[in-house]
Amino acid sequence: MNKICKEEECTGCMACYNICPKNCITMEYNKYGELQPKIDESKCIHCNLCRKVCPNNSPINKNTPVTAFATWSKDENDRKTSTSGAVASILYKEAIDNGYIVFGTSFDENLILKHSYTDNKEEALKYKGSKYCQSDIGKNYENVGRFLKEDKKIIFIGTPCQIQGLNKYLEVKNIDKENLITVDLVCHGVPSQQYLTNYINYLEKKYKRKATNVSFRDSENYVLKLFNENELICSITKDRDLYATAFLLAMLQRESCLDCKYATSNRVSDITIGDFWGIQNDDKINDEEKHKGISLVLVNTQKGNDFFNKCTSNNVFYEERKLEEAINGSVHLRRPSKRNEFRKKFRKQYKGDFTSTAKKVLRIKMLKQLVRAYLKK
Ligand SMILES: Cc1cc2nc3c(=O)[nH]c(=O)nc-3n(C[C@H](O)[C@H](O)[C@H](O)COP(=O)(O)OP(=O)(O)OC[C@H]3O[C@@H](n4cnc5c(N)ncnc54)[C@H](O)[C@@H]3O)c2cc1C
Ligand code: SF4
Ligand code: SF4
Ligand code: SF4
């Protein structure tokens with residue numbers, strides 16, 4: 001049982017796991033495969049640091065964005081291999097050129113999503129692309145704290161609840177944040193790793209090939225692709241893809257995501273990045289650029305502003321836009337995803353097999369999607 005905050009409010013940010021001086025917190029999977037902390041009472045010294053660091057137990061300080069930008073990388077390859085306009089790569093490149101250590105998330109050899117860090121540009125390429133499941137933070141708040149104490153410069157990209165987990169960790173540890181740039185994503189919520197692993201296993205059996213990498217989207221469309229090294233195993237468009245359909249319906253997100261405290265225009269980070277959906281209605285931006293993907297950047301602090309200004313000198317398109325345009329166009333800058341009947345049915349029927357449960361719950365929805373796609377041809 002989660003004794004640090006209410007289970008349904010726990011985001012799995014792992015700040016408690018990072019701060020425990022006795023290492024007596026483990027992160028365990030609940031019945032939906034969602035990470036929840038568990039305290040080993042026999043080792044606990046009742047210092048209360050885990051409750052103090054938990055972002056759910058104190059008011060959340062947020063920054064009001066100062067400026068919004070539409071941005072894309074003029075490096076065509078970067079843009080093609082990123083999710084929207086490749087702004088994450090722009091930030092990483094600028095950071096590494098200036099001696100920063102960068103934190104991001106990538107799949108390990110078992111296709112488990114984990115945060116890690118690097119100061120090498122080639123290695124940072126593995127962070128490219130949105131991965132639609134929850135990333136395991138590991139001990140990376142502790143790593144950030146250690147580097148900051150050594151006067152190193154850091155940029156950390158993650159979901160808003162992860163950024164707030166990091167903020168609280170550094171606050172409770174009294175570590176100076178001057179050398180840290182935090183970047184959060186506009187966030188639709190995260191499914192558990194258990195669902196994704198189950199779906200990948202199902203596809204591996206179906207296509208009789210072992211997957212070593214997975215991607216979820218190109219700049220315009222949700223297309224789930226599995227690879228063995230660089231060879232494509234399968235490419236499944238949204239109409240046929242159970243996982244993307246379930247993700248977009250908010251059927252798989254953690255309970256905390258449906259009451260997300262961070263789905264607002266005020267932000268916990270220095271810089272916020274997302275897809276610039278609001279710009280799709282602007283006729284002055286040509287369709288080709290829209291197809292290639294346009295990133296939204298919200299600059300939320302002076303530190304964020306100084307850093308983003310440095311990024312714009314090289315090979316980067318950027319244009320200041322109205323804040324209202326960004327906020328009106330991006331639903332998760334206004335509210336969390338909504339509960340619905342699909343989610344209710346899925347959670348009621350789920351016994352550990354994502355694929356068979358989703359097939360049952362989404363049978364009619366998938367059929368309708370297929371018919372619609374067929375008629376469009
Ligand atoms: C789960 C999830 C939900 C999202 N929901 C929305 C949304 O509703 N609206 C919107 O506008 N944008 C959303 N995004 C952000 C969007 O998909 C793009 O990541 C963003 O536009 C930046 O694109 P890019 O081309 O610059 O970078 P990308 O190449 O996509 O780089 C993404 C960066 O985010 C990090 N990252 C990727 N996956 C995760 C993860 N699971 N957890 C933590 N960090 C991660 C990577 O380390 C990398 O630094 C979401 C992203 C994720 C991961
Ligand atoms: S009270 Fe202290 S020792 Fe016990 S679990 Fe929390 S942080 Fe660890
Ligand atoms: S600190 Fe994060 S992982 Fe720990 S209980 Fe709070 S929300 Fe959950
Ligand atoms: S929706 Fe909110 S709680 Fe869920 S992963 Fe995103 S920021 Fe965290």
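This section describes the sheets, the helix packing and the ligand surroundings of a predicted model.

The two sheets described here are both open. One consists of 8 strands in the order 5-4-6-7-11-12-3-13, and its pairing is mixed. The edges of this sheet are taken by strand 5 (113-118) and strand 13 (316-321); each has a single partner strand, so one side of each is left without a neighbour in the sheet. Between neighbouring strands, the average turn is 25°, direction ignored. At the edge formed by strand 13, the partner is strand 3 (residues 67-73), which runs antiparallel to strand 13 and is joined to it by 6 bridges. Within this pair, Phe69 stands opposite Glu320 of strand 13.

Helix 4 (residues 87-97) packs on this sheet. The strands touched by helix 4 are strand 3, strand 4 (100-107), strand 6 (153-158), strand 7 (180-185), strand 11 (271-275), strand 12 (295-299) and strand 13. The direction of helix 4 makes about 145° with that of strand 4. Helix 11 (residues 302-311) lies across strand 7, strand 11, strand 12 and strand 13, and runs at about 140° to strand 12. Strand 7, strand 11, strand 12 and strand 13 are thus touched by helix 4 and also crossed by helix 11.

The other sheet contains 3 strands, ordered 8-9-10, with antiparallel pairing. Strand 8 (213-217) and strand 10 (231-237) form its edges; since each has a single partner strand, one side of each is left without a neighbour in the sheet. Neighbouring strands are here turned by 15° against each other on average, again with direction ignored. Strand 9 (residues 222-228) runs antiparallel to strand 10, and 6 bridges connect the two. Lys225 has Ser235 in strand 10 as its bridge partner. Helix 8 (residues 193-207) packs on this sheet and touches strand 8, strand 9 and strand 10, its direction making about 115° with that of strand 10.

Two helix pairs were also examined. The axes of helix 6 (residues 140-149) and helix 7 (residues 160-172) come within 10 Å and cross at roughly 50°. Helix 6 is therefore oblique to helix 7, and the crossing is right-handed. In this contact, Tyr141, Val144 and Gly145 of helix 6 meet Gly165, Leu166, Tyr169 and Leu170 of helix 7. The contact comprises 5 nonpolar and 2 polar residues, with no charged residues.

Helix 13 (residues 341-349) packs against helix 14 (residues 354-361) at an angle of about 140°, and the axes lie 10 Å apart. Helix 13 is therefore oblique to helix 14. The crossing of helix 13 and helix 14 is right-handed. On the side of helix 13, the contact is made by Phe342, Lys345, Phe346 and Gln349, which meet Thr357, Ala358, Lys360 and Val361 in helix 14. By class, 4 nonpolar, 2 polar and 2 charged residues take part in this contact.

The surroundings of three ligands complete the description. Ligand 1 is surrounded by 30 residues, of which Ser82, Thr83, Gly104, His188 and Gly274 are the closest. Helix 4, strand 4, strand 6 and strand 11 are the elements that give two or more residues to this shell. Strand 11 gives the most, with 3 residues. The shell around ligand 1 has 16 polar, 11 nonpolar and 3 charged residues. Strand 4, strand 6 and strand 11, which contribute to this shell, are among the strands touched by helix 4 in the sheet of 8 strands.

Around ligand 2 there are 13 residues, and the nearest are Cys20, Cys44, Cys47, Leu49 and Cys50. The shell of ligand 2 divides into 10 nonpolar, 2 polar and 1 charged residues. For ligand 3, the surroundings consist of 16 residues, with Ile4, Cys10, Cys13, Cys16 and Cys54 coming nearest. In the shell around ligand 3, 11 residues are nonpolar and 5 are polar, while no charged residues are present.

Methods
Residues numbered from 1 in each chain as written. Chains lettered and ligands numbered in written order. Predicted model: local features only at pLDDT ≥ 70, side-chain atom pairs only at ≥ 80, totals over all residues. Axes fitted to C-alpha atoms, helices over the stretch in contact; angles between N-to-C directions. Helix = DSSP H or I, 4+ residues; strand = E, 2+ residues; numbered from the N terminus. Parallel < 35°, antiparallel > 145°, perpendicular 65-115°, else oblique. Left-handed = near helix turned anticlockwise from the far one by under 90°. Contact = placed C-beta atoms within 7 Å. Nonpolar A, V, L, I, M, F, W, Y, C, P; charged D, E, K, R; others polar. Near = placed C-beta within 6 Å. Pairing = 2+ DSSP bridges.
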